[in-house]
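Visitor: Would you take one part of this structure and examine it closely for me? I should like to know how its helices pack and where empty space is left between its residues.

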Amino acid sequence: MEKIRVKTAVKNYDVIINDKEFSKLNDELKNRKLSKRVFVLIDKNVDNKWGNAIRKQITMWSEKLHFHIYNPDERRKNEKSLTKIYSTLLNKGFGRDTLFITIGGGITGDLGGFAAATFMRGIQLVHIPTTILAAVDSSIGGKTGINFSGYKNIVGSFYQPDLVFIHPDFFRTLPKPEIKCGMGEIVKYAVLSDKKTFSFIDKNFSRLLALDKKILFTAIKNCVEFKAKVVESDERELELRKILNLGHTFAHAYETVSKFKLKHGEAVTCGIATAAILSEKLKMIEPKSFLKIISLCSKLKINSRLLIVQQEKMMNALNMDKKKESGVLKFILPVNIGETAVGVEAPIDLVLASIDESILLYKKLV
């Protein structure tokens, strides 16, 4: 078991990576100063497979408990689902002394985190990520949000949890598309961190996809440690934390244009490839690093039919990106393994050419 401390100006909390028995969840919840009035937002699919075991652990110490079952989908990560959670909290008699627990992937964590951040101006929050993507990325750092008017995470807040509890056994019941989705974020951290981590991910990629216990534990630990350091340095994404959006400007546009049929992790991988291609066109990236990044991104096969996009729609989606500054679209681009340029402007013709080349790359891989 590994315990990683995240320290922010607002709150310090632990990220527990527990590869022991599931009963450790009860210990971690019981031994903290958390409310015993518990509202759980749980992924419907997780509840079907793990619901009884989870209820057993939480029931052991809670005084009031309600499970709100949610069918996660990017198209349902919206104000309607948020309003339903608020209504249920009020109708079930929950107040400011509520512990809100999210159990699921990134969609569930984003939605539930935003509900916890805004209900009664903020209540206690625990994330139990059940997907690889949520474990290595979205459950850590306090980003919450919902989609609005077709645009991803356009409404949200920063709200740090009180605890993150990662149990890798959850991942063994994931469908293959969800496993691939998580690998997209692991690819991101491989590019961002250092050459040693990149080499580890690159050499062991097939074992990661096969959920090799030891390899997966190490990869999760490396990702969490890296993100924790970045969040500690820049909690509200004013400077350094922007690097965690590597590939995301393109990825969110790919998701939006595909009407969210393309999974986030897949879109991130394609987005990183697009960013690398753009960096190469701008003559910013070291040639060997460019080839290594493209090679790693290529190891995650993507349904290229979902990447068939019209340039006009793609540009409209890009122009809605939250990272625009003074109305100007800025990119985060890799320049080496472990080195990234932030706030890069690029000519539109090179942006569009990079999109076309990355789509062509994935079409060739099918």
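Guide: Let us begin with one helix contact, in which Ile186, Tyr189 and Leu192 of H6 meet Ala219, Cys223, Phe226 and Lys227 of H9. Sorted by class, the residues of this contact comprise 6 nonpolar, no polar and 1 charged. Please bear in mind that the model is predicted. H6 spans residues 176-192 and H9 spans residues 213-233; their axes come within 10 Å and cross at roughly 60°. Angles under 35 degrees count as roughly parallel, and those from 65 to 115 as roughly perpendicular. The two helices, H6 and H9, are therefore oblique to each other. The crossing of H6 over H9 is left-handed.

The part that I propose to study at length is the surroundings of helix H10. This helix covers residues 248-257, and its axis comes within 8 Å of the axis of H13, which covers residues 311-318, with a crossing angle of roughly 125°. Angles over 145 degrees would count as roughly antiparallel, and those from 65 to 115 as roughly perpendicular. H10 and H13 are therefore oblique to each other. Their crossing is right-handed. On the H10 side, the contact involves Thr249, Phe250, Ala253, Tyr254, Thr256 and Val257, while H13 contributes Lys313, Met314, Ala317 and Leu318. By class, the residues of the contact between H10 and H13 are 7 nonpolar, 2 polar and 1 charged.

H10 has another helical partner, H11, which runs through residues 264-281; the axes of H10 and H11 come within 7 Å and cross at roughly 130°. These two are therefore oblique to each other as well. The crossing of H10 and H11 is right-handed. From H10, the residues in contact are His248, Phe250, Ala251, His252, Tyr254 and Glu255; from H11, they are His264, Ala267, Val268, Cys270, Gly271, Thr274, Ala275 and Leu278. Nonpolar residues number 8 in the contact of H10 with H11, beside 5 polar and 1 charged. Phe250 and Tyr254 thus figure both in the contact with H13 and in the contact with H11.

We may now turn to the empty space. The second largest pocket holds about 290 Å³ of space. Of the 16 residues in its lining, Thr256, Val257, Ser258, Lys259 and Lys313 lie nearest the centre. Thr256, Val257 and Lys313 have already appeared in the contact of H10 with H13. Both of these helices, H10 and H13, supply at least two residues of the pocket's lining, and the largest share, 3 residues, is that of H13. The lining of this pocket is made up of 7 nonpolar, 6 polar and 3 charged residues.

Enclosed spaces deserve attention too, and there are 3 cavities of 30 Å³ or more. The largest cavity contains about 110 Å³ of space. It is lined by 12 residues, and those nearest its centre are Lys152, His252, Ala317, Met320 and Asp321. Two or more lining residues come from each of strand S8 (151-158), H10 and H13. Here the largest share, 4 residues, belongs to H10. The lining of the largest cavity is divided into 6 nonpolar, 3 polar and 3 charged residues. His252 is also one of the residues of H10 that take part in the contact with H11, and Ala317 is one of those of H13 that meet H10.

For comparison, consider the second largest cavity, whose volume is about 80 Å³. It has 15 lining residues, and Thr102, Gly105, Gly109, His127 and Ser139 are the closest to its centre. The elements that give two or more residues to this lining are strand S5 (98-104), helix H4 (106-118), strand S6 (124-129) and helix H5 (132-138). H4 gives the most, with 4 residues. The lining of the second largest cavity includes 9 polar residues, together with 4 nonpolar and 2 charged.

To summarise the part under study, H10 makes contact with H13 and with H11. H10 also gives at least two residues to the lining of the second largest pocket, and it provides the largest share of the lining of the largest cavity.

Key
Residues numbered from 1 in each chain as written. Predicted model: local features only at pLDDT ≥ 70, side-chain atom pairs only at ≥ 80, totals over all residues. Heavy atoms only, no water. Axes fitted to C-alpha atoms, helices over the stretch in contact; angles between N-to-C directions. Left-handed = near helix turned anticlockwise from the far one by under 90°. Contact = heavy atoms within 4.5 Å. Nonpolar A, V, L, I, M, F, W, Y, C, P; charged D, E, K, R; others polar. 1 Å grid on protein atoms, 1.4 Å probe; cavity = no way out; pocket = protein on both sides within 12 Å on 5 of 7 lines; lining within 4 Å. Points joined across faces, edges and corners; volume = space filled by probe spheres on them.
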